[in-house]
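User: I'd like to learn how to read a protein model feature by feature. Can you walk me through this one?

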Amino acid sequence: MSITNIALTSSCSLSSLALRVLSYIFLRWIPGHVFPDFIYTAYAIFLASFAALYYKKPKYELIAKQSEVKFTEAEAVTPPVTAVDEDRMEVTLLEPQKPIAIEATQTIIRRKDRPNKLRSLLLGIPEPNSKLLTLANLLINTLLVGFTADMVYRSELFYPETDLSFARTGYVSQTDAKILLREPDASKLPLYVYHRIEPEEGDIEYPWIKSPPLDQLTAATDYALPVQIRNLHPSTRYRYTTSNNHTGTFHTAPTKLNSLDMALGETARKTKFTFLTSSCVKARVPYNPFDHPLYIRGFKLLGDLLRKKVVIPDFMMFLGDFIYIDVPKRPSKDTPIVEGYRKHYRQMYASPDWPAVSEDLPWLHVVDDHEIANDWSANNSGIYSYAMEPFYIYQHSVNPPAPRPGVTYYTFNHGTASFFMMDSRRYRSDNWAPDGPEKTMLGEPQKTDLLRWLNRDEPGIHWKILVSSVPFTKNWRYNSEDTWAGYLYERQELLNEMWKVGAEGRGGVIVLSGDRHEFGATAFPPPPDHSAYEHKQAATVHEFSCSPLSQFYIPKRTYVQKDDKDVLIKYIPDGNSKFGAVEVDSTNVAGEQAVLKYRLFVEGKEVWDWVLTADMSTRRIRGDVNDEGEKTRARGL
């Protein structure tokens, strides 16, 4: 084989292998924005090398080569050659002789090149003697590039969903419910929302109650606005329907237990409820060319479980990355920045799998980096305002109440649990800044509100649940600067106050987080030099970090425990779809024992659970703590 053919074969096979490996990673594993450009470049090199090699590669291979030379004596005799000398005598100059004949022959044996089919298919090289193999290799690589382009551009170009009409439930309290409506068709205005108690079997038909009309839905809010339904009954299932043909149900929050209820032996207000938690959603991951461009497999798996009533949750606590603005690529520069972000929200709500997880399930949201840009730590500069505008419209507007105006962190109570939903992006210092007293993830106002929430003693609250979009543990070793591992000084400030909650008998503290595309459960016991160490079991904080709901998972194991400060309970990295179901139960006699059970579902199946219990029979004054009053235990199955 010539040097040229060797070079062409190497170029063709290497570019083909690169294209196939990168396409597999991009389509079936990690749809990162860096891959498409490499795939397109590899395809261009492959195509040029493939065509040149096809026409230059010999169709026949040399089997044998033989050369032969024969010397033969002729039959005829050449006459002598004579001459006459000066004496006129005849002289013979050349005697008669037989001439020698020389015959040279060369034999070359060739045959059609027999392609190694397996090698050819694996390397993607052409075979001039097999049009089928040649076309197959060309088709395979062309299809992979086509699939990549389909993944990148199909939804971007052909599914803007500007005509999307939908309704969803957001925050539901004991007496109020927030409904988000979107309707771009002006002919359907004004819009009305009707609600009533959902009758049980054999129950009476309750009358529909009509809300005030929505007269204007404009482009300023992307034709979406919230509606608040008021004067509802606690612990009651309601159905709502809209004048533009959307419907759904929600369950109002239970009335929390308080000190007077427990003192009087009140039993009617015992509560038990379940909520779900997860983060990170991207359509068509892993990629399948036959799926709808807005297909979300995690929604489908969760929807099936909801339909079968395997879980009956009151709400979904979604921990961020509801959209991925930069995966697989950011919107075209020709698209206005705000519209690019708006379109991603519309596409999520236009997914054919969204109704199954929203018609009977309210969703609450915190913001994380992919709603803005990967690993965002630039506060409210740059594109932040553009990114947050649709978040305010589609998520914030129907979220729980904020502690102060203009912030995107939230607090609320539901039954015997109190929640603080942190904003871990807007106020944080740069991820790579040196850790210390000046570095913050929360910012001063949010940290003040959070510490006030932790120290607030609320009768009837058994659990304080802190919601973080990024992991609280430092045990995730990949890109840890983006998690609380990069903000350990501030984390320690929070832990000091968290440990006091349990040690002082004010309930258990739980952290819920996402972001890592893995599951990890971690315990944070107080150290021996902390005042809460005397009540270590009661004071220990627990974190359940769960994601993704529908995305890739990390093939590399990144959770590693290196000390006894962050103690591993359970680590489950694999699975494209994970969510936790958290059951908060205070139905025991007189509310004496609070129970919290965490159930982990992976790929639609329950794979693990963990139970925490807290004895709430005696609420103690701070500083007056004894081991008899509060006991926390954990059990893993």
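Analyst: Let's begin with pairing: two strands pair if DSSP finds at least two bridges between them. With that in hand, β5 and β6 form a hairpin with four residues between them. Keep in mind that this is a predicted model.

User: Okay, how many bridges hold β5 and β6 together, and in which sense do they pair?

Analyst: Five bridges, in the antiparallel sense. To find the register, look for facing residues: Ala 167 stands opposite Leu 181 in β6.

User: Which strands make up the sheet, and in what order?

Analyst: It's an open sheet of three strands, ordered β5-β6-β9, with antiparallel pairing. The edges are β5 (166-172) and β9 (224-229), each of which pairs on one side only. Neighbouring strands here are turned by 25° against each other on average, ignoring direction. As for side chains, the general idea is that in a regular strand they alternate between the two faces of the sheet.

User: What joins β6 to β9?

Analyst: Six bridges, with β6 (residues 177-182) running antiparallel to β9. One pair to look for is Ile 179, which sits opposite Val 227 in β9.

User: Which helix packs on the sheet?

Analyst: That's α9 (residues 384-394), which touches β5, β6 and β9. The direction of α9 makes about 120° with that of β6.

User: Is β5 mostly covered or mostly open, then?

Analyst: Mostly covered: seven of its seven residues are buried. For the whole protein, 52% of the 637 residues count as buried.

User: Let's do helices. What should I know before looking at one?

Analyst: An α-helix has 3.6 residues a turn, so residues three or four places apart point the same way. A quick sanity check is length. Take α7 (residues 337-350): at 1.5 Å a residue its 14 residues should span 20 Å, and the end C-alpha atoms are 20 Å apart, so the two agree.

User: How many of the residues of α7 are buried?

Analyst: 11 of its 14, so to speak of it as mostly covered is fair, given that buried means under 20% relative accessible area. Among the buried ones are Gly 340, Tyr 341, Arg 342, Lys 343 and Met 348.

User: And how do I read a pair of helices, say α2 and α4?

Analyst: Start with angle and distance. Helix α2 (residues 35-56) and helix α4 (residues 131-158) pack at about 160°, with their axes 11 Å apart. Angles over 145 degrees count as roughly antiparallel, and α2 and α4 are therefore roughly antiparallel to each other. The crossing of α2 past α4 is left-handed. On the α2 side the contact includes Ile 39, Tyr 43, Phe 46 and Phe 50, while α4 contributes residues including Leu 138, Val 145 and Val 152.

User: What about a residue in a loop? Where is Gln 561?

Analyst: Gln 561 is in the loop between β20 (541-546) and β21 (567-572). It counts as partly exposed because its relative accessibility is 36%. Leaving out residues up to four places away in sequence, Gln 561 touches Asn 475, Arg 477, Asp 566, Val 567 and Leu 568. The C-alpha atoms of Gln 561 and Thr 473 are 9.6 Å apart, although 88 residues separate them along the chain.

User: What does the whole protein look like in numbers?

Analyst: It has 12 helices and 25 strands. Of the contacts between residues at least 6 apart in sequence, 72% join residues at least 24 apart.

How values were computed:
Residues are numbered from 1 along each chain as its sequence is written. This is a predicted model: local features need pLDDT of at least 70, side-chain atom pairs count only at pLDDT 80 or more; totals for chains, interfaces and linings use all residues. Side-chain values use heavy atoms; hydrogens and water are left out. Helices (H or I, at least four residues) and strands (E, at least two) are DSSP runs, numbered from the N terminus. Axes are lines fitted to C-alpha atoms, for helices over the stretch in contact, and angles run from 0 to 180 degrees between N-to-C directions. Contact means heavy atoms within 4.5 Å. The expected span of a helix is 1.5 Å times one less than its number of residues. Buried means under 20% relative accessible area, exposed over 50%, partly exposed in between (1.4 Å probe, protein chains only). Angles under 35 degrees count as roughly parallel, over 145 as roughly antiparallel, 65 to 115 as roughly perpendicular and the rest as oblique. A crossing is left-handed if the near helix is turned anticlockwise from the far one by less than a right angle, and right-handed if clockwise.
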